[in-house]
Number of protein chains: 2
Amino acid sequence: MRMSEGVEWALHTCLNLAWAAADQSISATRLAAFYELPAPYLNKQLQSLVRAGILTSTPGPRGGFRLARPIERVTLMDVVAAIEGPGEAFRCTEIRSRGPGAAPESDNKPPCAIDQAMRRAELAWRRELAAQTLADVQEQVLRSAPDAPERTRRWLAD
Amino acid sequence: MRMSEGVEWALHTCLNLAWAAADQSISATRLAAFYELPAPYLNKQLQSLVRAGILTSTPGPRGGFRLARPIERVTLMDVVAAIEGPGEAFRCTEIRSRGPGAAPESDNKPPCAIDQAMRRAELAWRRELAAQTLADVQEQVLRSAPDAPERTRRWLAD
DNA sequence: GGGTACTTACTCGGATACGCAGTGTCCGAGTCTATGTGG
DNA sequence: CCACATAGACTCGGACACTGCGTATCCGAGTAAGTACCC
């Protein structure tokens with residue numbers, strides 16, 4: 001079970017957009033160059049964020065991407081769901097109702113106990129992701145590297 | 001991010017082994033037939049469980065698989081780790097230290113804030129998985145379908 | 001009748017193909033900007 | 001000098017190849033049981 005690498009890219013990029021001026025659009029090319037990432041592929045991920053309503057995109061020269069809303073209202077769950085999709089990691093295929101060991105019809109009504117247990121764990125994961133906003137992460141970065149914002153802002157403006 | 005289907009197979013199969021007599025080995029072929037699963041592939045998954053110390057295998061006629069220890073001491077985390085591997089879903093590739101936006105050397109010492117946040121969520125997931133044993137799931141099944149154990153035991157003994 | 005060697009059939013275990021999602025790349029539609037021209 | 005038309009360049013957006021992992025399968029090594037045979 002491996003999460004898409006695009007999630008890491010999207011999170012870092014959203015933070016970079018937060019450091020920059022709020023009313024400034026930054027092109028995918030420049031955002032990609034900041035980390036030496038393949039620009040077209042990052043663009044693909046950013047489009048997912050636009051579809052999810054996290055970013056807004058403006059075409060044409062001087063265009064690019066910007067945050068659709070303040071990062072205080074963007075949770076890690078939002079970004080993960082935008083990139084990875086809303087589907088759950090564990091998907092019960094109801095094998096209990098197949099084969100000679102299949103339970104009678106009446107027993108299929110109660111939910112699969114294994115599915116329930118796995119869902120409970122995954123719900124804890126999602127809850128933790130939803131509890132943390134990008135602003136929280138931003139604050140954490142500020143504490144460990146106070147000069148990061150200014151340095152990022154300068155490079156993006158260059 | 002999709003979890004391997006083998007996890008579901010492994011969990012159901014471990015419960016089936018728990019229903020059967022503890023000192024009885026059951027072959028992969030019969031375990032697979034119970035749900036009409038491809039026997040060789042299920043065998044592959046069971047081998048992972050053996051390597052993880054959850055099952056023990058005995059070759060030769062009348063051989064097969066059996067639980068290595070009572071299911072009270074087998075958590076969902078054990079099974080998931082055995083099939084999916086110990087690696088974490090989100091893996092920080094440290095893109096912050098690449099490219100022109102790379103932080104100075106001294107700033108690389110503090111851990112990546114994004115990595116920390118993602119680890120926190122994944123830790124909650126793992127904690128919830130480790131908190132539930134197969135015995136808990138078994139008990140849940142008993143409440144919703146009290147006749148399932150006897151039915152499973154009979155079919156496997158047939 | 002009892003012990004022994006052998007054959008047999010069945011089991012796990014690892015090595016081998018196939019398919020699909022994630023990864024990476026490319027080109028086209030749209031739009032703003034800058035320039036050159038005419039009034 | 002100002003307004004306008006035009007050409008240009010830059011942007012996003014979706015459509016097109018490639019790679020790696022998960023899926024599925026097969027065959028060989030090993031073992032216990034059952035059997036036939038000999039003492």
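Mentor: Let us begin with a definition: a residue is near a strand if one of its heavy atoms lies within 4 Å of it. The model before us is predicted.

Trainee: Which residues come nearest to DNA strand C?

Mentor: There are 21 residues around DNA strand C, and A:S4, B:Q47, B:S57, B:G60 and B:F65 come nearest. DNA strand D is likewise surrounded by 21 residues, of which the closest are A:Q47, A:S57, A:F65, B:S4 and B:Y41.

Trainee: What makes B:S57 a polar contact of DNA strand C?

Mentor: An N or O atom in the side chain of B:S57 is 2.7 Å from a phosphate oxygen of DNA strand C. The limit for a pair of N or O atoms is 3.5 Å, so this pair is a polar contact. The side chain of B:R51 has an N or O atom 3.2 Å from a phosphate oxygen of DNA strand C, and a polar side-chain atom of A:Y41 lies 3.1 Å from a phosphate oxygen of that strand. Both pairs therefore meet the limit of 3.5 Å.

Trainee: Which part of DNA strand D does A:N43 approach?

Mentor: A polar side-chain atom of A:N43 lies 3.2 Å from a base nitrogen of DNA strand D. With B:Y41, the partner of the side-chain N or O atom is a phosphate oxygen of DNA strand D, at 3.0 Å. B:E5 uses a backbone N or O atom, which lies 3.3 Å from a phosphate oxygen of DNA strand D. Each of these distances is within 3.5 Å, so each pair counts as a polar contact.

Trainee: How do you know what share of the DNA strand D atoms within 4 Å of the protein belongs to sugar or phosphate?

Mentor: The atoms of DNA strand D within 4 Å of the protein are sorted, and 63% belong to sugar or phosphate, the rest to bases. For DNA strand C the sugar or phosphate share is 62%.

Trainee: Which elements supply at least two residues each of the surface near DNA strand D?

Mentor: They are α3 (39-51), β1 (55-58) and β2 (64-67) of chain A, with α1 (5-19) and α3 (39-51) of chain B. The largest share, 3 residues, comes from α3(A). Near DNA strand C, the elements are α1 (5-19) and α3 of chain A and α3, β1 (55-58) and β2 (64-67) of chain B, with the largest share, 3 residues, from α3(B). The surface near DNA strand D divides into 9 nonpolar, 9 polar and 3 charged residues, and the surface near DNA strand C into 9 nonpolar, 9 polar and 3 charged.

Trainee: Why is the relation of chain A to chain B called that of a two-fold axis?

Mentor: A turn of 180 degrees with a shift of 0.0 Å along the axis lays chain A on chain B with an RMSD of 0.1 Å. That is the relation of a two-fold axis. Of the residues of chain A, A:W125 comes closest to the rotation axis, its C-alpha at 2.4 Å.

Trainee: How do you know that the copies meet through the same surface?

Mentor: Of the interface residues of chain A, 100% are also interface residues in chain B, so the copies meet through the same surface. In contact are 57 residues of chain A and 57 residues of chain B.

Trainee: What do chain A and chain B bury between them, and on which atoms?

Mentor: They bury about 5000 Å², 67% of it on carbon and sulfur atoms. Between the two chains the count is 0 salt bridges, whereas 8 residue pairs are in polar contact across the interface. On the side of chain A that touches chain B, the elements giving two or more residues are α1, α2 (28-35), α4 (76-84), α5 (113-131), α6 (134-144) and α7 (148-157) of chain A. The largest share of that side, 12 residues, comes from α5(A). Its residues divide into 33 nonpolar, 8 polar and 16 charged.

Trainee: Why are the side chains of A:R119 and A:D115 said to meet in a salt bridge?

Mentor: Their N to O distance is 3.1 Å, and the cut-off is 4 Å, so the pair qualifies as a salt bridge. A:R119 and A:D115 are 4 residues apart in helix α5 of chain A, which means that about one helical turn separates them. The structure holds 16 salt bridges over all chains.

Notes
Residues are numbered from 1 along each chain as its sequence is written. Chains are lettered from A and ligands numbered from 1 in the order in which they are written. This is a predicted model: local features need pLDDT of at least 70, side-chain atom pairs count only at pLDDT 80 or more; totals for chains, interfaces and linings use all residues. Side-chain values use heavy atoms; hydrogens and water are left out. A polar contact is a pair of N or O atoms within 3.5 Å; within protein, one must be able to donate a hydrogen and the other to accept it, and residues adjacent in sequence count only if both atoms are side-chain atoms. Ala, Val, Leu, Ile, Met, Phe, Trp, Tyr, Cys and Pro count as nonpolar, Asp, Glu, Lys and Arg as charged, and the others, Gly among them, as polar. Contact means heavy atoms within 4.5 Å. Buried area is the accessible area (1.4 Å probe) that two parts lose on being put together, summed over both. Copies are superposed by least squares on the C-alpha atoms of residues with pLDDT of at least 70 in both.
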